[in-house]
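Look at the sequence and the model below. This short report walks through the sites that bind ligands and then turns to the interior.

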Amino acid sequence: MEYDIETEPLETLHCDCLIVGVYQNQQLSASASSVNHSTQGLINKILSRGDISGKNGETVLINAVPDSAIERILLVGLGENKPLSSKNFRKALLAAINSLKKTQIKSVVCCLADCEVIAGDGQWKIRQIIEVFNDAVYQFTTFKSDKETDFKVEKISITLPEAELGFASAGLAQGKAIAEGISMAKLLGDLPGNICTPTYLAEKAFELGAKYPSLDISVLEESDMEKLGMGALLSVSRGSRQPAKLITLDYRGGEKNSKPIVLIGKGLTFDAGGISLKQAPGMDEMKYDMCGGATVLGVLQAAAQMQLPLNIIGLIPSSENMPDGDANKPGDILISMSGKTIEVLNTDAEGRLLLCDTLTYAERFNPDVVIDMATLTGACLVALGRVASGLLGNNDALCNDLIAASQISNDSLWRLPLWEEYQEQLKSNFADLANVGGKDAGTITAACFLSQFAENFHWAHLDIAGTAWRTGLTKGATGRPVPLLSQYLINRAYG
Ligand code: BES
Ligand code: MN
Ligand code: ZN
């Protein structure tokens, strides 16, 4: 998809479809009013017919526009004529793009940035248009013989009120970078486990490194991890024929001696549960257990594309979790890289085994902060559903920064407590700690486990089990939390 800023007046514009907003009570946005003028009152005529009331998310496609270089006009309801909430702005955008499904429209000029949004400037509006539109037209056709998709749209031009034009180029560049990061994370998530293996993820990282000179890629093989004493991580891949990889993406955009932000993403390319085998229904969805890792790839790509003045390290511990003669068994005791011993009470709690050694490994980068993201617990889905990711951490300032970024990016978070009392549940009779904490508060006890390996830095954990993909009819990866992390990094760079 191509995106650009359109500065030509609407009267002389050429395009397949112009998207303009209308409010309730037949009130026109500035752009609607301007085309109404140049089309001899066409918009007012349509509104007076009553086919669109102006409620947020309603649409009407005017399929023929007499004597105009604009082939079609899409009217989009924005609701009451007052500044929109950011959610309502996105809702209108989504309705707009979805109404272009199954049409032959190739070039679109979107004028919806002319409405006022509470706490959303021109730059934010451009970004949202690109992110929402790009997200909506994504379709995973890699393995379909018929590659035809629902959208023919190739180019989206965005108009902006004169006063806000100063924001345009930054908004465009950021919007494209974030949207492409999201697409990359979605594509990797949707790829099946027989293709998207740890080796495949490592190859994708090397491809990124070849494309962006500011990104250095290195990969630790199992023999390297052995030398580092990563007994927890390696115990998971022992049960799989696919060798584990620990992928490092090193982005140096900041001052030489400024401490890096470390992002860790769980890259479990298929989670069968191991000997504590999962049940069959829905097991296919465990190909998504690498969405944390995919987010790290998407965010580092976006950071490199935006040339953010920051140092960022991405770490992706990647493995499969399979049942096998050599797999972890309940009762096994592991020695982690930190030296702490772990009793495996459930081999399906493998994510924390990958992450704990990666957290210890992160210490060598002398991090400013460490943020991990993982599809870690089914309990998070029970607690927060598919709306908010779980947030837990040992530093209030970091957690608050992430919450602030989540509000701007519409990539919701909700913080859960990490109180000492919960650590009790991880006690083991035979080792320093158990890898599961019983059925209560599963998301919290998983984070408690991780916290024991994050004592030497400021750390936050995002449980994205509910938010990284959709199930049911619209099954597929969402690309979350790429928007959140991208916003966090933008805030760190320029805030
Ligand atoms: N990858 C799963 C978590 C998961 C489950 C994500 C369902 C999304 C949907 C993780 O490795 C896992 O299996 N966790 C266990 C932990 C339990 C054994 C303590 C779980 O949530 O059941
Ligand atoms: Mn598991
Ligand atoms: Zn898992």
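## Ligand 1 and its neighbours

In this predicted model, a polar side-chain atom of Lys-266 sits 3.3 Å from an oxygen atom of ligand 1. Two further side chains make polar contacts of this kind, and the table lists them with Lys-266.

| Residue | Distance from a polar side-chain atom to an oxygen atom of ligand 1 |
|---|---|
| Lys-266 | 3.3 Å |
| Asp-271 | 2.9 Å |
| Lys-278 | 2.8 Å |

In total, 17 residues surround ligand 1. The closest are Asp-271, Lys-278, Asp-348, Glu-350 and Gly-378.

## The zinc ion

Lys-266 also serves the zinc ion (ligand 3), through its NZ atom. The other protein donors of the zinc ion are Asp-271 (OD), Asp-289 (OD) and Glu-350 (OE). These donors lie 2.0 to 2.4 Å from the zinc ion. Along the chain they follow the spacing K-x4-D-x17-D-x60-E. Asp-271 belongs to strand β11 (residues 267-271), while Asp-289 is in the loop between β11 and α9. The two are 18 residues apart, and the pair links distant parts of the chain.

What is the geometry of the zinc site? The site is octahedral, with angles of 78 to 176° among six donor atoms.

## The manganese ion

Asp-271 bridges the zinc ion (ligand 3) and the manganese ion (ligand 2), which lie 3.1 Å apart. The manganese ion is coordinated by Asp-271 (OD), Asp-348 (O), Asp-348 (OD) and Glu-350 (OE), at 2.0 to 2.2 Å. Its donors follow the spacing D-x76-D-x1-E.

Why is the arrangement around the manganese ion irregular? Its six donor atoms subtend angles of 68 to 167°, and this spread makes the arrangement irregular. Ideal angles for six octahedral donors are 90 or 180 degrees.

Are the metal-binding residues Asp-271, Asp-289 and Glu-350 buried or exposed? Buried means under 20% relative accessible area. Asp-271 counts as buried because its relative accessibility is 3%. Asp-289 is buried at 2%, and Glu-350 is buried at 1%.

## The nonpolar cores

Now to the interior. The largest nonpolar core has 63 residues. Leu-249, Leu-263 and Ile-371 touch the most other members. Helix α9 (residues 291-306) gives this core its largest share, 10 residues. Another core, of 44 residues, lies apart from it. Its members include Val-262, Leu-359, Ala-374 and Leu-376.

Leu-249 has contacts with residues over four places away in sequence, among them Ala-205, Leu-208, Val-296, Leu-300 and Ile-316.

How values were computed. Residues are numbered from 1 along each chain as its sequence is written. Chains are lettered from A and ligands numbered from 1 in the order in which they are written. This is a predicted model: local features need pLDDT of at least 70, side-chain atom pairs count only at pLDDT 80 or more; totals for chains, interfaces and linings use all residues. Side-chain values use heavy atoms; hydrogens and water are left out. Donors are N, O and S atoms within 2.8 Å of the metal (3.2 Å for Na, K and Ca); water is not among the atoms, so sites may look incomplete. Four donors count as tetrahedral if all angles lie between 85 and 135 degrees; four count as square planar and six as octahedral if opposite donors are over 155 degrees apart and all others between 65 and 115; anything else is irregular. Buried means under 20% relative accessible area, exposed over 50%, partly exposed in between (1.4 Å probe, protein chains only). A nonpolar core is a set of buried Ala, Val, Leu, Ile, Met, Phe, Trp, Tyr and Cys residues joined through side-chain atoms within 4.5 Å. Helices (H or I, at least four residues) and strands (E, at least two) are DSSP runs, numbered from the N terminus. Contact means heavy atoms within 4.5 Å. A residue is near a molecule or strand if one of its heavy atoms lies within 4 Å of it. A polar contact is a pair of N or O atoms within 3.5 Å; within protein, one must be able to donate a hydrogen and the other to accept it, and residues adjacent in sequence count only if both atoms are side-chain atoms.
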